[in-house]
Amino acid sequence: MDPLNMCGIKRVSSILAKEWAKEYNVRFITFSPKEKQIKEICGIRQFHFPEPYNILSEKNLEYFISFIKETKTDIILHQHSNIDEFTDLCVRVKEMTNVKLVTVRHFAITHDNDIIKHSFFIKNRLKKSPLAYLKELLLFIRFHLYKRRKNTETDKKRFSFIINNSDKFVLLSNNFVDEIKSRCNIVDVI
């Protein structure tokens with residue numbers, strides 16, 4: 001599979017891996033279901049967790065630890081920090097091995113709230129009924145009174161956990177540094 005035919009995190013991962021493979025042993029490990037498993041991407045071997053639908057299973061934990069030890073892996077590049085279960089799995093493996101954990105956030109820090117905030121009133125713009133508009137208005141009010149605060153609290157816990165348990169935390173842009181510092185009450189971010 002060629003990175004030009006991929007998008008998003010897969011494309012970024014494959015481009016980085018292809019470059020790093022010039023000097024280092026690089027491998028992919030994924031949660032692909034059996035029918036979608038491929039053996040390699042860009043000439044780089046891809047491995048698959050035994051239970052793709054149960055990220056935090058004991059089998060996956062044991063497999064990941066064995067994988068790290070057998071392949072003598074030094075660094076996990078955790079590309080899916082938006083999946084809490086996968087973050088937990090990476091942190092557990094880090095604690096049980098000598099591997100370094102580099103976690104990447106491929107979205108804005110405020111991504112979850114931004115998605116919800118920008119989706120309101122689309123039905124009304126598409127010429128739906130006044131009742132649909134009223135429903136959207138009520139959801140918009142609920143978002144501002146409850147969901148935005150809940151998402152912000154969840155993000156604070158998520159990012160604090162990631163920062164405290166990763167050797168490095170990489171953001172999409174330097175523009176997000178101040179946001180993450182204020183959201184997680186962090187003084188020093190490099």
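What percentage of the 190 residues in the chain is buried? Buried residues account for 37% of them. Keep in mind as you look around that this is a predicted model. The chain holds seven helices and six strands, and the packing of helix α2 with helix α3 gets a closer look below.

**Overall layout**
- Following the sequence, you will meet helices and strands in the pattern α-β-β-β-α-β-α-β-α-α-α-β-α.
- Of the contacts in the chain with a separation of 6 or more, 58% join residues 24 or more positions apart.

**Surface**
- About 12500 Å² of the chain is exposed.
- Carbon and sulfur atoms supply 55% of that exposed area.

**How α2 and α3 pack**
- Two packed helices are described by the angle between their axes and the distance between the axes.
- Here, helix α2 spans residues 58-70 and helix α3 spans residues 84-96, and the two pack at an angle of about 50°.
- Their axes lie 10 Å apart.
- An angle of about 50° falls outside the ranges for roughly parallel (under 35 degrees) and roughly perpendicular (65 to 115), so α2 and α3 are oblique to each other.
- The crossing of α2 past α3 is right-handed.

**Who makes the contact**
- On the α2 side, the contact is made by Asn60, Leu61, Phe64, Ile65, Ile68 and Lys69.
- On the α3 side, Phe86, Leu89, Cys90, Arg92, Val93 and Met96 take part.
- By residue class, the contact of α2 with α3 comprises nine nonpolar residues, one polar and two charged.

Technical notes:
Residues are numbered from 1 along each chain as its sequence is written. This is a predicted model: local features need pLDDT of at least 70, side-chain atom pairs count only at pLDDT 80 or more; totals for chains, interfaces and linings use all residues. Side-chain values use heavy atoms; hydrogens and water are left out. Axes are lines fitted to C-alpha atoms, for helices over the stretch in contact, and angles run from 0 to 180 degrees between N-to-C directions. Helices (H or I, at least four residues) and strands (E, at least two) are DSSP runs, numbered from the N terminus. Angles under 35 degrees count as roughly parallel, over 145 as roughly antiparallel, 65 to 115 as roughly perpendicular and the rest as oblique. A crossing is left-handed if the near helix is turned anticlockwise from the far one by less than a right angle, and right-handed if clockwise. Contact means heavy atoms within 4.5 Å. Ala, Val, Leu, Ile, Met, Phe, Trp, Tyr, Cys and Pro count as nonpolar, Asp, Glu, Lys and Arg as charged, and the others, Gly among them, as polar. Buried means under 20% relative accessible area, exposed over 50%, partly exposed in between (1.4 Å probe, protein chains only). Accessible areas come from the Shrake-Rupley method with a 1.4 Å probe; for residues, only the protein chains shown count as cover.
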